[in-house]
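Let us walk through the aromatic and nonpolar features of this model. Start at the surface, then move to the ring pairs.

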Amino acid sequence: ASAAAAAGAGAAIALLPTAYFAAKVFSQRPGTAPRALLRAIYVGEAVKLILTAALFMIALRWLSGDFLALITTYAAALGTYWFMFWGTLRT
């Protein structure tokens, strides 16, 4: 049960910051000035990195015994993003 909770936390750590970044960037209206869009990307990425680090610290404090399940699921979720990106580039 604790390994499953750690795996769920790893997936959430991959999903939540990415969802924030996507919401931040795609909330810009079409025709937005390039400078404003670039600012949204930079702010979104900075908050994403900070949020990821904070979520890892919280998860490691609460789920200290199941680090392998946590990091493996996190890496698998990030790997899925890269495979989807690679597949999109090939088409």
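Helix α3, residues 67-90, gives the most to the nonpolar patch, with four residues. The model is a predicted one. The patch covers about 580 Å² of surface and is made by Leu15, Tyr81, Trp82, Phe85 and Leu89.

Take Phe85, which has its place in helix α3. Its relative accessibility is 45%, so Phe85 counts as partly exposed; the partly exposed class runs between 20% and 50%. Trp82 reaches 60% relative accessibility and therefore counts as exposed.

Now the rings. A pair of aromatic rings is described by the distance of the centres and the angle of the planes. The model has two aromatic pairs. In one, Phe56 and Tyr74 meet edge-to-face, 4.8 Å centre to centre with 75° between the planes. Phe56 lies in helix α2 (residues 34-62) and Tyr74 in helix α3, so this pair ties together parts that are 18 residues apart in sequence. Phe56 and Tyr74 are both buried.

Trp82 and Phe85 also form an edge-to-face pair, with 5.8 Å centre to centre and 85° between the planes. These two residues are separated by about one helical turn, because they are three residues apart in helix α3. Both Trp82 and Phe85 belong to the nonpolar patch described above.

One more ring contact remains, and this one involves a charge. Which ring does the charged end of Lys48 sit over? The ring is that of Phe21, and the charged end of Lys48 is 5.6 Å from its centre.

Terms used: Residues numbered from 1 in each chain as written. Predicted model: local features only at pLDDT ≥ 70, side-chain atom pairs only at ≥ 80, totals over all residues. Heavy atoms only, no water. Patch = residues over 30% accessible without salt bridge, like charges linked within 9 Å, V, L, I, M, F, W, Y side chains within 5 Å. Areas by Shrake-Rupley, 256 points an atom, 1.4 Å probe, with all protein chains shown as cover. Salt bridge = Lys/Arg side-chain N within 4 Å of Asp/Glu carboxyl O. Buried < 20%, exposed > 50% of the residue type's maximum accessible area, 1.4 Å probe, protein only. Phe/Tyr/Trp six-rings, centres within 6.5 Å; stacked < 30°, edge-to-face > 60°. Lys NZ or Arg CZ within 6 Å of the ring centre and 35° of its normal.
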